[in-house]
Amino acid sequence: MNIFQLSYKNLLRRKVRTSFTVIGIIISTWVLVTLLGFNKGYENSLNNDIDGMGFQIVLTAKGCPYEAATLMLKGGTGLRYMPEEIVKEVNFAEEVDKTTAMLMHAEFDPNKGENGGTIVYLGIDPDTYPEMKPYLNFKQGNWFNEKSVNEIVLGYEAAELEQREIGDLMLILGSELEFKVVGVLNRTGTQDDGMIFLPLKTVQEIFDKKGELTMLGIRLKRDADISAFEEKLYELPDIQVVSMAQVKNTIMNLVSSAKVIVFSIAFIAFLIAMFGVLNTVLMSVFERYQEIGILKAMGALPKDIFNIILIETALLCSIGGIIGIIFSYLFSNVSEIAIRHFLPFTPSGSLIKVDEKIAVISFFAIILIGIIGGIYPALHASNIRPLDAIRSDS
Amino acid sequence: MKKIVTFLIFSVILYSFLFAAVGCDLNDPDRDVKRFFSDSTGYKTAYLSLEKLGGSELLKEVEQKLGDNFQGLYETPDVPYTVYTIYKNSDIIGYIHGINQKGQYGGIQVFLVYDLKGNIINFYYQKLTSKKAKDLRATSFSNQFIGLNLKDFENYDPKTGKTDNKKIIEIKNPNPDNNIDFLATIRAVKKNLILMDIFVFNKNK
């Protein structure tokens, strides 16, 4: 019987205690892998969401409420406009890959609810907007047929609320004209779901805003320095720059506060696992006090006893670690549901991304923690004096 | 920083605006319930769908009673319907229920207010997009539905707009030159009555 078999059989001699120790290690590993996977998955999903917005920078006129929600809260007032010439000026910059001009318009609808409500329209350039938002797929139909035409594309929720399908007609508030629905978008989980899209030129004409824009979305080239380009944009007069990178950083800062708490819990779980291992192995050493003494009397060196105990520890941690990693793979969806429930903001896509690297790091981390917990019992066992042990009552 | 936090807050608010009302809820239930039942002391909200209550068999039954099939992308058995049960202390004093109906230029939300026997005691367009919306929203139009119940609509055919019931024949379209939203409204009222019969008034049969 070699030293590994001896260690393995020692663990099997105390099945219940070994099982509970392994369960503790499984839970600790599961928590660790899930948290590391969350750290990676959340950032990836957030990046995808922000990239999915299609542009990294939005330009608006200074003081303009650039979000539809602001317009609704303000009853559709407070919009400010910037000249359309800004598009040429920005396109001229070498860092710019693509731009798309937009004109948002809010109208008060007296027939919406008891006291009326605000409807927001977004005028877009059919040549550039779809390219910037490749994730927008159609449930029915397609984008507008021409740049200036009385046609409408509806976000998923807007179409549902208005009960519109392609070919149906709609009225645009502030205009007596009838508009034909030519496209209904699939659900995206973004604010586009509630949007009523019209061609930019049409919005400019019917709402008397020729040559004016509310927003310019900018996508930069891959190697462009976003911060340096933002600095350039700040020099443009009466323009406010909204960077999606800033938005992402802010969200990440908010999330990191939550992550500190979660990692603290993980650390405590780790400590519990370590002391669980220490306790199990130490108890095992005390129970086998005479047996270890006999082994030493038969010629086992302190090093051999130390190795036996440490191998037991490593075996416990390996079994627990592997099962914990498997659990984290199997139950990542359940963990994700729980995280989505507790976190105030979660991006779309997979929040927990467990890969091989995380699995390997977690596996070795749990073994390391276990071995640290096993050193004291191993040292204690290796220092047992054979005669004292054989003479003892236990 | 302040700008960004504002952006985030507004985004959250926007999503709540945009994802609301997939079914047909009152925009402001506290205010609306008081408006229709001034002596009410509270209300309970129940979310029901044909899919959950009886699936395709129930859908067939509803379509048969309606005299028309469910149509298009949005009139489906999984649509959640919201029934408001109105209380005065521990006693039920009435019900409010609304449905979405496809209109000529947009979705129409027709709410009916019921007494305990299933008679209409009030009619309300929560949402209506029409060139003649003002006429349809006039009390002279909505008052025509007061006192009617499911029995009155039994022989009404939503496909042709014809019936032999005198009370329904007498409902006047305020815009005789365009009857699309008028007919959509009558269909919505009949559908509302049928659903309430299943959800509340006749649910044990």
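This passage walks through a sheet in chain B, a helix in chain A and two exposed loop residues in a predicted model.

The sheet in chain B is a good place to start. Five strands build an open sheet there, arranged in the order β1-β2-β3-β4-β5 with antiparallel pairing. An open sheet has edges, and in this one they are formed by β1 (42–48) and β5 (120–127) of chain B, each of which pairs on one side only. From one strand to the next, the twist averages 20°. For a closer look at the pairing, β1(B) can be followed to strand β2 (residues 81–88) of chain B: the two run antiparallel and are joined by seven bridges. Within this pairing, Lys44(B) has Thr85(B) in β2(B) as its bridge partner.

Two helices of chain B accompany these strands. Helix α2 (residues 29–36) of chain B lies across β1, β2, β3 (91–102), β4 (107–114) and β5 of chain B, and runs at about 55° to β2(B). Helix α9 (residues 180–201) of chain B also packs on the sheet, where it touches β1, β2, β3 and β4 of chain B. The direction of α9(B) makes about 135° with that of β3(B).

Attention now turns to chain A and its helix α10 (residues 289–297), whose buried residues are Ile292(A), Gly293(A), Leu295(A) and Lys296(A). These residues lie on the same side of α10(A), because they cover an arc of only 160° around the axis. The spacing makes sense in view of a general rule: an α-helix has 3.6 residues a turn, so residues three or four places apart point the same way. Among the elements that cover the buried residues of α10(A) are α11 (302–330), α13 (356–382) and α14 (386–391) of chain A. Just after α10(A) comes Gly299(A), with a positive phi of about 120°.

Positive phi values also appear in two residues that are not glycine. In chain A, Asp208(A) has a phi near 55° and sits in the loop between α7 (200–206) and β10 (212–213) of chain A. Is Asp208(A) buried or exposed? Asp208(A) is exposed, because it has 8 other C-beta atoms within 10 Å, and a residue counts as exposed at 12 or fewer.

In chain B, Asn89(B) has a positive phi of about 55° without being a glycine. This residue brings the account back to the sheet, as Asn89(B) is placed in the loop between β2 and β3 of chain B. Asn89(B) counts as exposed because it has 9 C-beta neighbours inside 10 Å.

Methods:
Residues are numbered from 1 along each chain as its sequence is written. Chains are lettered from A and ligands numbered from 1 in the order in which they are written. This is a predicted model: local features need pLDDT of at least 70, side-chain atom pairs count only at pLDDT 80 or more; totals for chains, interfaces and linings use all residues. Two strands pair if DSSP finds at least two bridges between them. Helices (H or I, at least four residues) and strands (E, at least two) are DSSP runs, numbered from the N terminus. Axes are lines fitted to C-alpha atoms, for helices over the stretch in contact, and angles run from 0 to 180 degrees between N-to-C directions. Two residues are in contact if their C-beta atoms, placed from the backbone, lie within 7 Å. A residue is buried if 20 or more other C-beta atoms lie within 10 Å of its own, exposed if 12 or fewer, and partly exposed in between; C-beta atoms are placed from the backbone. The arc is that of the directions from the helix axis to the C-beta atoms.
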